[in-house]
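Trainee: Got a minute to go over a model with me? I'd like to know what stands behind the words we use for ligand contacts and pockets.

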Amino acid sequence: MSDVLLVEKLDGHIAKLTVNRPEKLNALNGAVRCAIFGALDRLAADDEVRVVIITGAGDRSFIAGADISEFKDARPVEQYRSMTRGDMYSAIESFPKPVIAMINGFCLGGGCELAMSCDMRVASTSARIGQPEINLGLIPGAGGTQRLPRLVGEGWAMRLVMSGELIPGEKAEQIGLVEAAVAPEELEGHVMELASNIASRSPVALQAAKESILAARRMPLDEGLKFERSWFSLLFSTDDMAEGVGAFLEKRKPEFRGS
Ligand code: COA
């Protein structure tokens with residue numbers, strides 16, 4: 001475990017990653033990125049963990065973007081190489097278990113892009129969310145021009161990226177950038193309830209759901225439907241499917257084991 005990233009295993013098959021640089025509003029530097037990669041690798045292989053929550057330390061910020069101090073002397077070739085060598089955002093997106101962003105404050109630039117790489121987002125109403133790279137003479141570089149329009153449509157993506165405007169949690173909920181915005185004191189409880197609900201499901205069905213939904217981005221409808229049908233049929237071979245169907249017919253709660 002690294003001190004810039006706290007990794008906790010909570011009850012009920014849930015792990016929580018907390019970016020821990022509150023004095024820098026949890027800006028993402030190389031050390032944080034490296035720690036997130038390492039943690040994801042370990043959590044992917046840990047059968048006790050079924051759902052991951054990502055959040056920021058303190059009560060002011062989720063993640064205030066990439067660490068701007070690292071931009072000062074960066075050169076194009078090195079910048080491009082480092083971003084393609086280790087794409088943390090795609091690693092989160094392709095992580096084989098559900099990932100929930102718990103947005104507890106500033107969620108800016110790379111922080112917003114990280115949240116969009118997660119499978120679900122819950123924000124505090126006091127959060128401020130946006131892509132302010134335009135203030136630096138930049139554009140988003142980690143999916144802000146790609147994942148954002150897929151979530152909120154082209155118009156809102158253009159507005160957020162071109163104006164650098166920060167929007168509150170409720171507005172983000174209205175435009176579909178987060179699925180829920182709740183009062184700050186309810187954020188942790190809301191996310192834990194959602195995570196516990198999901199963690200009680202079959203891990204193999206969760207992975208199938210995630211892969212199938214993400215496949216819709218890159219496949220035409222007929223290919224996507226075939227992909228979904230293949231996963232659906234494959235799940236008939238799992239103990240979890242037998243358990244789920246058996247539990248329904250016997251009117252009891254299923255106990256899924258992930259096999
Ligand atoms: N990179 C590096 N450091 C950052 C940072 C970032 N993205 N965001 C905040 N910080 C640091 C500040 O430099 C400051 O450090 P210091 O105390 O050593 O000077 C500390 O975090 C607190 O931030 P501060 O600006 O003093 O807080 P504020 O409440 O006045 O403003 C923000 C908060 C989020 C509006 C402001 O920090 C900001 O605009 N940050 C940059 C956001 C951004 O452009 N992100 C996209 C980057 S591509």
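Mentor: Sure, let's take the ligand and then the pockets, keeping in mind that this is a predicted model.

Trainee: What makes R60 a polar contact of the ligand?

Mentor: Set the distance against the cut-off. A polar side-chain atom of R60 is 2.5 Å from a ligand oxygen, and a pair of N or O atoms counts when it is within 3.5 Å. So the R60 pair qualifies as a polar contact.

Trainee: Which backbone atoms lie 2.9 Å from a nitrogen atom of the ligand?

Mentor: A backbone N or O atom of A64 does, and so does a polar backbone atom of A66. Because the cut-off is 3.5 Å, each pair passes as a polar contact. As for cover, the ligand taken alone exposes 860 Å², and the protein buries 59% of that.

Trainee: How many residues surround the ligand, and what are their classes?

Mentor: There are 15, with K24, R60, A64, A66 and I68 the closest. By class, the shell has 10 nonpolar and 5 charged residues, and no polar ones. Don't let that "no polar" fool you: Arg counts as charged, so R60 can make a polar contact without being classed as a polar residue.

Trainee: What lines the largest pocket?

Mentor: Its lining has 38 residues, and R33, A66, F71, Q79 and M83 are the ones nearest the centre. The space inside is about 900 Å³. Sorted by class, the lining has 19 nonpolar, 12 polar and 7 charged residues.

Trainee: Which helix gives the most to that lining of the largest pocket?

Mentor: Helix 2, with 5 residues. Helix 1 (30-45), helix 2 (76-85), helix 3 (88-93) and helix 4 (110-117) each supply at least two.

Trainee: And the second largest pocket: how do you know where it lies relative to domain 1 and domain 2?

Mentor: Look at who supplies the lining. Domain 1 (5-199) and domain 2 (203-250) both give residues to it, so the second largest pocket lies between them. Helix 9 provides the largest share of that lining, 6 residues.

Trainee: Which residues are nearest the centre of the second largest pocket?

Mentor: D119, M120, K210, I213 and L214, out of 18 lining residues. The second largest pocket holds about 310 Å³ of space, and its lining has 10 nonpolar, 1 polar and 7 charged residues.

Note on methods. Residues numbered from 1 in each chain as written. Predicted model: local features only at pLDDT ≥ 70, side-chain atom pairs only at ≥ 80, totals over all residues. Heavy atoms only, no water. Near = heavy atom within 4 Å. Polar contact = N/O pair within 3.5 Å; in protein donor to acceptor, adjacent residues only side chain to side chain. Areas by Shrake-Rupley, 256 points an atom, 1.4 Å probe, with all protein chains shown as cover. 1 Å grid on protein atoms, 1.4 Å probe; cavity = no way out; pocket = protein on both sides within 12 Å on 5 of 7 lines; lining within 4 Å. Points joined across faces, edges and corners; volume = space filled by probe spheres on them. Helix = DSSP H or I, 4+ residues; strand = E, 2+ residues; numbered from the N terminus. Domains from an automatic or database assignment.
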